[in-house]
Amino acid sequence: MPYIKKSALFVSGSFFFAAQAFAGAPNFIDSRAMAMGGVGVASARPAAAGFFNPALLAVKQPEKRDGFGMLLPSVNAIASDEAELRDVVDDFDDDFIKPFEGAITDVENNIAGGGAGLAAAQTELANRTRALNNELQKIDQEQARVDLGMGVSALIPSQRFGAGLFVSGSARIAAKINYNDQTTLDQLEDLARNTVITDIDDVNALYDTANDADQLQSTVRAVGSAYSQVGLSMSHNFTFFGHDYALGVSPKMVDLRAYDFVTSVDEFESDDLEDTKVSESKFNLDLGVASFLDDDEQLLVGLSVINVVPMEITTKPGRDNTNLGPGFAPQGIDIELKPKVLAGISYQGASYELAADLELTKTEEVFGEGDTQYLGVGAEYDLAEIFQLRAGARYNIAESEDVLLTAGFGLRAAGVTLELAALGSTDANTVGAGLQFGVTF
């Protein structure tokens, strides 16, 4: 039966189509930050300052990282499937559709053969119909999504004038199933359980195994956005009333893209998403400030505003016309890129660093993924300036969600760095990983 087989390919395949269609794209974070709970406003290395807080380029750095830094590149991926939708759909054909259609065939064979086993066949059909109905109701409106990110940078820190270039892209795709077959399956179960079926056409009128147009009418909607930026970070250290403050600015060009497609579960093609592309490019700014609170210059606080200029686009949903009725007209979804204000604090010891970040603004949901406003904490231990061990946690204070636990490590030799990161939720429904190469000297 093609519907669920192909929808299984869609939900699994959406993780591979992600590069061209995403929803509610988050800000990019490098692999070191990812391993430390997503922190970076007061703790990012100079090479990653453009992604978090440009002011960090003018902050006095430890000697081991006060030179030129590059990320070549940093990549990450995070997948979330809170209802284990991928596993359900992957097994759906074998567990539900084949037994259901097999029961219809048994009823048809018993009618043709004189009906000796018809009662038992109808009972089996009623049970299989109820099982299919219950499972589809279970996954109705459930969502699977994936985030991808990539960044490269080349920055030079300096208390007089720190500067550098950064480029990043982040993206999200979310796929949601909308169940539209409850009435049909309820009627089919009632027919099988309470009526003696003497003509298979009575079943075919509700569900015809030989005609795709008369099978399941449930739909899949994929909504996504991609967010990319190219910018120049600049920072200078100023003295006000005897206290030093690093101020930074990152003028940049931002491109925001959105995609939206609705189809019956058997008709999805990745090109359909590309055909619905809506985009807008605009000049934007990031601003930042950072300052030490102690004379030993170990306790640093920072504040940054990412994307000072708001942006908004509205999706233009595409749809397939094979099984969707003429009255089916999905509404576009507004995707907003609003200014995000972040505060951070870090403490730099001789061989360790502790840090925390808090998003002071809330990001509203786009497609049922929930509002987000993260609190992150992280730590790093540096062994002989060669091996760095990292751990952290990230919690969405806007929703009652499980904590994301993060961990990773870094290696540095002859100015070349390798960073690895991993994260997972305490309920095991969200997993992610990051990889980063860099150069410092």
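**Overall architecture and local features of the predicted model**

Of the contacts in the protein with a separation of 6 or more, 69% are between residues 24 or more positions apart. The structure is a predicted model, and its secondary structure consists of nine helices and 17 strands. The protein has 441 residues, of which 51% are buried. About 19,000 Å² is exposed, and 56% of this area is supplied by carbon and sulfur atoms.

Salt bridges were counted next, and the total came to 19. One of them joins the side chains of Glu353 and Arg32, with an N to O distance of 3.0 Å. This pair links distant parts of the chain, since Glu353 belongs to strand E12 and Arg32 to helix H2 (residues 31–35), 321 residues apart. Glu353 has a relative accessibility of 1% and therefore counts as buried. Arg32, at 4% relative accessibility, is likewise classed as buried.

A further salt bridge is formed by the side chains of Arg390 and Glu380, at 2.6 Å from N to O. Arg390 lies in strand E14 (residues 387–396) and Glu380 in strand E13, so this salt bridge ties together parts that are 10 residues apart in sequence. Arg390 counts as buried because its relative accessibility is 2%. For Glu380 the corresponding value is 6%, and this residue also counts as buried. Glu353, Arg32, Arg390 and Glu380 are linked, together with Arg45 and Glu419, in a network of salt bridges.

Arg257 and Asp255 form another salt bridge, in which the closest N and O atoms are 2.4 Å apart. Both Arg257 and Asp255 are buried.

Strand E7 (residues 299–306) and the loops on its two sides were then examined. Ile306 is located in this strand, and it counts as buried because its relative accessibility is 5%. Beyond its neighbours within four places in sequence, Ile306 is in contact with Asn27, Phe51, Phe52, Lys252, Leu285, Asp286, Lys338, Pro339, Lys340 and Leu342. The C-alpha atoms of Ile306 and Ser250 are 9.2 Å apart in space, while the two residues are separated by 56 residues in sequence.

Asn307 is in the loop between E7 and strand E8 (311–314). Although Asn307 is not a glycine, its phi is positive, at about 60 degrees. With a relative accessibility of 1%, Asn307 counts as buried. Glu297 occupies the loop between strand E6 (278–292) and E7. Glu297, also not a glycine, has a positive phi of about 55 degrees. In contrast to the buried Asn307, Glu297 is partly exposed, with a relative accessible area of 33%.

A cis peptide bond runs from Leu72 to Pro73, with omega near -20 degrees. Pro73 is part of strand E1 (residues 69–80). As background to these backbone features, most residues other than glycine have a negative phi, and most peptide bonds are trans.

Patches on the surface were the last feature considered. A nonpolar patch is formed by Leu303, Leu358, Leu360, Leu375, Val377, Tyr395 and Ile397, which together have about 520 Å² of accessible area. Leu360, one of these residues, lies in the loop between strand E12 (352–359) and strand E13 (374–383). The relative accessibility of Leu360 is 44%, and the residue therefore counts as partly exposed. Strands E12 and E13, which border this loop, also hold salt-bridge residues: Glu353 is in E12 and Glu380 is in E13.

Negative charge gathers in a separate description of the surface: Glu108, Asp199, Asp201 and Asp202 form a patch of this kind. Within this group, Asp202 is found in helix H8 (residues 201–204). Asp202 has a relative accessible area of 39% and is therefore partly exposed. A residue enters a patch only with over 30% relative accessible area and no salt bridge; the values for Leu360, 44%, and for Asp202, 39%, are in keeping with the area criterion.

Conventions: Residues are numbered from 1 along each chain as its sequence is written. This is a predicted model: local features need pLDDT of at least 70, side-chain atom pairs count only at pLDDT 80 or more; totals for chains, interfaces and linings use all residues. Side-chain values use heavy atoms; hydrogens and water are left out. Patches are made of residues with over 30% relative accessible area and no salt bridge: like charges are joined within 9 Å, nonpolar side chains (Val, Leu, Ile, Met, Phe, Trp, Tyr) within 5 Å. Accessible areas come from the Shrake-Rupley method with a 1.4 Å probe; for residues, only the protein chains shown count as cover. A salt bridge is a side-chain nitrogen of Lys or Arg within 4 Å of a carboxyl oxygen of Asp or Glu. Helices (H or I, at least four residues) and strands (E, at least two) are DSSP runs, numbered from the N terminus. Buried means under 20% relative accessible area, exposed over 50%, partly exposed in between (1.4 Å probe, protein chains only). Contact means heavy atoms within 4.5 Å. Lys and Arg count as positive and Asp and Glu as negative; His and the chain ends are not counted. The place of a charge is taken as NZ of Lys, CZ of Arg, CG of Asp or CD of Glu.
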